Amino acid sequence: MLLLLAFLGGCAGLEGQVNKKAGHILSINRDETLPYERSVSDQIAWGGRFTEDELAADKLAAYSTKTLKLLMESLNNVSFYTRGAQPHISRQERVFDELARRADVKPDDVGDLFQRYLAARLFGKAQALKARFAEVKLWDLPDIIGAKDSPEQDFWVYDISSDSKTATAKHLPIETGPKIVVSAWYSCPVAAKAFQSVQDDWNMLQAMQAHGVILTSRFEPAGVALRNSKIAFARTYVAYTEQDWPGIDFTQSPTFHFLENGKVMYRFQGVAAEERFSQEFQLGLSAIGLK
């Protein structure tokens with residue numbers, strides 16, 4: 001009896017710690033007074049304060065469903081901002097599995113974990129989750145063709161086919177000469193406006209046709225295929241991983257990067273005023289020897 005009481009007391013103590021940490025992450029996320037970068041860094045920092053003991057499978061089994069749901073929401077935030085990095089995605093996965101054991105996962109929980117798997121390029125796990133929860137509407141994954149054949153080499157992408165049924169791993173020749181790399185999310189209205197400005201300006205259009213690529217780190221095959229069907233001046237690719245693109249900022253959409261021999265010489269984020277946009281673009285061209 002004493003051992004049982006000690007065990008329950010220990011679990012209760014751990015559950016209290018877990019609730020405190022998870023609640024703090026969510027309060028940071030909801031604090032509109034915090035700058036975006038500070039909010040993200042603080043949530044990641046607090047996510048790192050969970051211990052493996054607190055989130056071990058046997059401990060999770062002893063927590064209340066209310067605690068698990070609080071954990072799920074907070075860990076999903078941290079996993080989102082860390083692009084599905086370890087150990088956060090494994091912890092989210094364990095909480096998800098315990099809620100699933102209790103038949104208490106929602107379609108949004110499934111969709112969130114699916115997206116985190118894709119962000120981490122864990123395609124096998126994403127496919128298995130889709131099969132496991134067939135009733136949840138998750139998009140079809142393309143066949144992955146090839147793989148990065150040199151760990152040291154940067155600038156790898158997935159090239160999405162026009163029907164979005166295949167994603168082919170390939171290297172882009174960014175290391176030599178002047179290049180323009182635009183990181184942009186699909187369905188970003190600011191990016192759409194920037195691309196229209198490029199389309200309407202002959203000098204910018206020529207520069208992008210000769211030297212530009214569009215890049216996203218979000219694995220959204222159908223969206224990429226649709227963009228490629230509409231934008232002719234540069235092809236959109238999915239980054240193999242964000243780490244394969246040193247110097248490229250994926251956090252703001254769109255961000256225009258002007259590279260010379262693989263090194264970023266100038267960058268700017270999409271701006272609302274067309275005149276300012278044109279000025280920034282010209283400064284970028286000058287920085288890499290183009291006019």
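## Close-up views of the predicted model

**View 1. The lining of the largest pocket mixes 10 nonpolar, 5 polar and 7 charged residues.** Keep in mind for this and every other view that the model is predicted. The pocket itself has a volume of about 590 Å³. It is lined by 22 residues, and those closest to its centre are Phe 80, Arg 83, Ala 119, Ser 217 and Glu 242. Three helices put two or more residues into this lining: H2 (36-47), H4 (65-81) and H6 (107-119). The top contributor is H6, with 4 residues.

**View 2. Helix H4, one of the contributors to the largest pocket, has plenty of buried residues, including Leu 68, Leu 71, Met 72 and Leu 75.** Others on the buried list are Thr 67, Ser 74, Asn 76, Asn 77, Val 78, Ser 79 and Tyr 81. The length works out as well: the helix has 17 residues, which at 1.5 Å a residue should span 24 Å, and its end C-alpha atoms sit 25 Å apart, in agreement. As a reminder when you follow the side chains around, an α-helix has 3.6 residues a turn, so residues three or four places apart point the same way. Just past the end of H4, look for Arg 83, which takes a positive phi of about 55 degrees. Arg 83 is also among the residues closest to the centre of the largest pocket.

**View 3. The second largest pocket has a volume of about 280 Å³.** Its lining is made of 15 residues, with Ala 192, Phe 195, Arg 227, Lys 230 and Ile 231 the closest to the centre. Helix H8 (189-200) and helix H10 each bring at least two residues to the wall. H8 has the largest share, at 6 residues. Sorted by class, this lining comes to 10 nonpolar, 3 polar and 2 charged residues.

**View 4. Tyr 158 and Phe 219 make one of the aromatic pairs, of which the whole structure has 19.** Their ring centres are 5.7 Å apart and the planes meet at 85 degrees, so this is an edge-to-face pair. The partners come from distant parts of the chain, 61 residues apart: Tyr 158 belongs to strand S2 (156-160), while Phe 219 is in the loop between strand S5 (212-216) and helix H10 (221-230). Buried or exposed, how does Tyr 158 come out? Tyr 158 is buried, with 4% relative accessible area. Phe 219 also counts as buried, at 3%.

**View 5. Phe 256 and Phe 277 form another edge-to-face pair.** Here the ring centres lie 5.3 Å apart, with the planes at 80 degrees. This pair too links distant parts of the chain, joining strand S7 (255-260), home of Phe 256, to helix H11 (274-287), home of Phe 277, across 21 residues. Phe 256 is buried at 0% relative accessibility, and Phe 277 is buried at 1%. Zoom out a bit and you'll find both rings in a cluster linked by ring pairs, together with Phe 258, Tyr 266, Phe 268 and Phe 281.

**View 6. Two arginines sit over tryptophan rings.** The charged end of Arg 49 is over the ring of Trp 46, 4.0 Å from the ring centre. In the other case, Arg 218 lies over the face of Trp 185, 4.2 Å from the ring centre.

**View 7. Helix H5 (88-101) is largely enclosed by the rest of the structure, because 10 of its 14 residues are buried.** Its first and last C-alpha atoms are 20 Å apart, close to the 20 Å expected at 1.5 Å a residue. Which residues of H5 are buried? They are His 88, Ile 89, Ser 90, Arg 91, Gln 92, Glu 93, Val 95, Phe 96, Glu 98 and Leu 99.

**View 8. Ala 62 lies in helix H3 (57-62).** Ala 62 is partly exposed, with a relative accessible area of 40%. Its C-alpha atom is 8.7 Å from that of Glu 15, which is 47 residues away along the chain.

**View 9. The whole chain, for orientation, has 11 helices and 8 strands.** Of its 291 residues, 47% are buried. Taken along the principal axes, the C-alpha atoms fill a box of roughly 80 × 40 × 35 Å.

Technical notes:
Residues are numbered from 1 along each chain as its sequence is written. This is a predicted model: local features need pLDDT of at least 70, side-chain atom pairs count only at pLDDT 80 or more; totals for chains, interfaces and linings use all residues. Side-chain values use heavy atoms; hydrogens and water are left out. Rings of Phe, Tyr and Trp (its six-membered ring) pair if their centres lie within 6.5 Å; planes under 30 degrees apart count as stacked, over 60 as edge-to-face and the rest as tilted. Buried means under 20% relative accessible area, exposed over 50%, partly exposed in between (1.4 Å probe, protein chains only). A charge sits over a ring if NZ of Lys or CZ of Arg is within 6 Å of the ring centre and within 35 degrees of the ring normal. On a 1 Å grid over the protein atoms alone, a cavity is a set of points where a 1.4 Å probe fits but cannot get out, and a pocket is an open set with protein on both sides within 12 Å along at least five of seven lines; lining residues have an atom within 4 Å of a point. Grid points are joined across faces, edges and corners, and a volume is the space filled by probe spheres set on the points. Ala, Val, Leu, Ile, Met, Phe, Trp, Tyr, Cys and Pro count as nonpolar, Asp, Glu, Lys and Arg as charged, and the others, Gly among them, as polar. The expected span of a helix is 1.5 Å times one less than its number of residues.
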